[in-house]
Number of protein chains: 2
Amino acid sequence: MSYIEDLGARAKAAEYAIRNITTEQKNEALIAIAEILVANKGVIIAENRKDLENAEKNGMTKAFIDRLTLTAERIEKISSDVLEIAQLADPIGEILGGGQVRDGFNIVKKRVPLGVIGVIFESRPNVTVDAAALCMKSGNVCILRGGSDAINSNKCLVLFMRRALENIGISNDCILLVEDTSREVAGEMMKLNEYIDVLIPRGGSGLIKSVVENSTVPVIQTGEGNCHLYVDEIADIGMAVSIADNAKTQRPSVCNSIETLLVHKNAAPETLKELYAVWNGRVAIYGDKATADIIPVERIATEEDFYTEFNDYIIAVKVVDNVEEAIAHVNKYGTRHSECIITQNYEHARKFQQEVDAAAVYVNASTRFSDGNVFGLGAEIGISNQKLHARGPLGLRELTSYKYLIYGSGQIRT
Amino acid sequence: MSYIEDLGARAKAAEYAIRNITTEQKNEALIAIAEILVANKGVIIAENRKDLENAEKNGMTKAFIDRLTLTAERIEKISSDVLEIAQLADPIGEILGGGQVRDGFNIVKKRVPLGVIGVIFESRPNVTVDAAALCMKSGNVCILRGGSDAINSNKCLVLFMRRALENIGISNDCILLVEDTSREVAGEMMKLNEYIDVLIPRGGSGLIKSVVENSTVPVIQTGEGNCHLYVDEIADIGMAVSIADNAKTQRPSVCNSIETLLVHKNAAPETLKELYAVWNGRVAIYGDKATADIIPVERIATEEDFYTEFNDYIIAVKVVDNVEEAIAHVNKYGTRHSECIITQNYEHARKFQQEVDAAAVYVNASTRFSDGNVFGLGAEIGISNQKLHARGPLGLRELTSYKYLIYGSGQIRT
């Protein structure tokens, strides 16, 4: 049995061990995790420092190092997020349907955990705790595979989380870490259909692409957000500028920020001039020729630019003839995440929402609202941009499946 | 652009073309399909005969040829099944939730089609029509890839279905057939993420395994049914024998038939002797040693036998010490399809249903009931034995996704 097979077998055994776990026990586990992390923040910070030193030695970027860093304050925030998950309603056991099919033959459709969830992510140690807590609350066992750059932090965080489970008498194999962060082991993990029910990749598009291409375990694809804002012919330009600015610059590194601005030709002069003034050089504009005729651009946008998720203070801009062209552009270049139209035209609003193929389609509001909290799902483990299983924010309910329970009295099929 | 890319692009274009299709138009399409097939049954039977002649030349089995055969009666049945799908409620457009998140910011969660569904199947021409009709009713475009042995039948069926769509003014690319049935093209189809949203394999375990292993498009895995019946210590033996016989022999070739019988040691002598008398040599018994001590067996069951879906008049039998051993066996060897306990013990019934990991868990009723009609889903496109997206019978609703529609009035995130 290989290293990862052994981990998988332990996860599956733990899944069976916690089948009968109650909501109270799960909440108790989460509270214990929140407490143990805060109580040991000194140790965690010391282990995290090893990762930070390596990252500096390896010349990682400032943004990377920032994401990797754990401070007392950040550990407290991670801990309070776990306590918030404990507050959320337990989705497991909910009766989803059923009825009496024939005399004395009853069917009940009941919500159950997915089973064993593999989470493959990069070097943000907060994801380690967050993913473990969401899986625990939804009755799932998790196998966490974080990036090698965060291995010391992750080992330490998982050690304490496992100890918290042990302390209250829950199998510590409910939270497992892949300590061997080699590519080979990650590859084997993606083929571990016998033990892993679902894989969730969290991270950049390279990571997600690799998991989608190599995994035989069912995957929930998350986080690729090539999002658009379309300013229609009849639009409140003040609103358009305010939302475009918010959706681009409030937090450019996240998946629900916009990457391309589409503007109706008649709204283009005013909208683009105002935005140019608002951004005042803070955002690099890759515009098409029509854009360049109105405002100065950093460069003429290439076909490739329209496919790119910049995750930065960069925006591609294209002037379009009508709402149909905008919709066709979004459906061609978008990643089915979050899309927005700014319009005062009822029929165009309706058409855009109907015809754009995305998890969330906005009229007159910033795409930055796409997240589990705003959408009423509580915490989220990511935002799905595939259509199978779950679309948009993945909350606790999206980490579940169901089973049919049939109560008979000797019925046979004739 | 390769052959399959061209097909994919046409499918995606058709998907966008039918975004606004109404329930009435979909039903009209289904009625037109039902009518055109019956009106042209002579031509269809003639084309089917070519496939039958090839199958005979190639020395295919009687069972294979039976599944491939179309008769006037069978075409009428296929047609009436399509009319039944027209009668089912339309799942699309259903509002699944939503609410007012903040002042003037409303979210609506709405059911939408999956998009483009690829169906990969073997040589049963009825599947061709059935899959196309279920996809049409659920607003999806389908790309059908049937086996090469049925290519003449499939070309003819799809030709008429496409003509029916054309006649009523719906894009005929809503139903597409992969006419090049080479392995290479099937392999390319499994990587067509740009155009295909979901792949559904329908057929034997070899086909399903190949799709799961090679596809980067999300897959709904269906149909593998290594199902068990467990006869508990305190059970109505008459009921156990009747259900075991029904679940094994009423239609051994289908996925919801049982492959292994587990019997509590104290119930084993009476149960096995009675079943042996009922089957009277019609069912080959591969028993463990304890079974062989009670009744004559065809051979001693191997480890491999317990993993095998015989789909035939063969059953593996194992005597177990208790319900825990039965559950562990089912969870180890089963394919998470349909599992049954025969018991009069309330606690064992509850435990078995709780702890067995399967789409459908029965107490005192035949596993043969696992299907979309019995479960109230209407027609089905298969029975899923994965936990992602949908579990158990896949009806119209299981062929859908959802999207979030957000109605704002200028909100930005702060």
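In this predicted model, Pro113(B) stands opposite Thr400(B), a residue of strand S16(B). The pairing of S16(B) with strand S2 (residues 105–113) of chain B is antiparallel and extends over eight bridges. The points below follow S16(B) to chain A, then turn to a sheet built from both chains and to the symmetry of the two copies.

**Pairing between the chains**
- Strand S13 (residues 360–365) of chain A runs parallel to strand S16 (residues 400–411) of chain B, and five bridges join them.
- Within this pairing, Val363(A) has Tyr407(B) as its bridge partner.

**A sheet built from both chains**
- Ten strands form an open sheet with mixed pairing, in the order S1(A)-S2(A)-S16(A)-S13(B)-S12(B)-S7(B)-S8(B)-S11(B)-S9(B)-S10(B).
- Its edges are strand S1 (95–102) of chain A and strand S10 (299–300) of chain B, each of which pairs on one side only.
- Strands S12 (residues 338–342) and S13 (residues 360–365) of chain B are parallel and share four bridges.
- Cys340(B) stands opposite Tyr362(B), which belongs to S13(B).
- Helix H15 (residues 346–355) of chain B packs on the sheet, where it touches strand S16 (400–411) of chain A as well as S12 and S13 of chain B.
- The direction of helix H15 of chain B makes about 155° with that of S13(B).

**Symmetry of the two copies**
- A turn of 180° with a shift of 0.0 Å along the axis lays chain A on chain B with an RMSD of 0.0 Å.
- This is the relation of a two-fold axis.
- Both copies use the same surface, since 100% of the contact residues of chain A recur in chain B.
- His389(A) is the residue of chain A that comes closest to the rotation axis, at 1.8 Å (C-alpha).

How values were computed
Residues are numbered from 1 along each chain as its sequence is written. Chains are lettered from A and ligands numbered from 1 in the order in which they are written. This is a predicted model: local features need pLDDT of at least 70, side-chain atom pairs count only at pLDDT 80 or more; totals for chains, interfaces and linings use all residues. Copies are superposed by least squares on the C-alpha atoms of residues with pLDDT of at least 70 in both. Two residues are in contact if their C-beta atoms, placed from the backbone, lie within 7 Å. Two strands pair if DSSP finds at least two bridges between them. Axes are lines fitted to C-alpha atoms, for helices over the stretch in contact, and angles run from 0 to 180 degrees between N-to-C directions.
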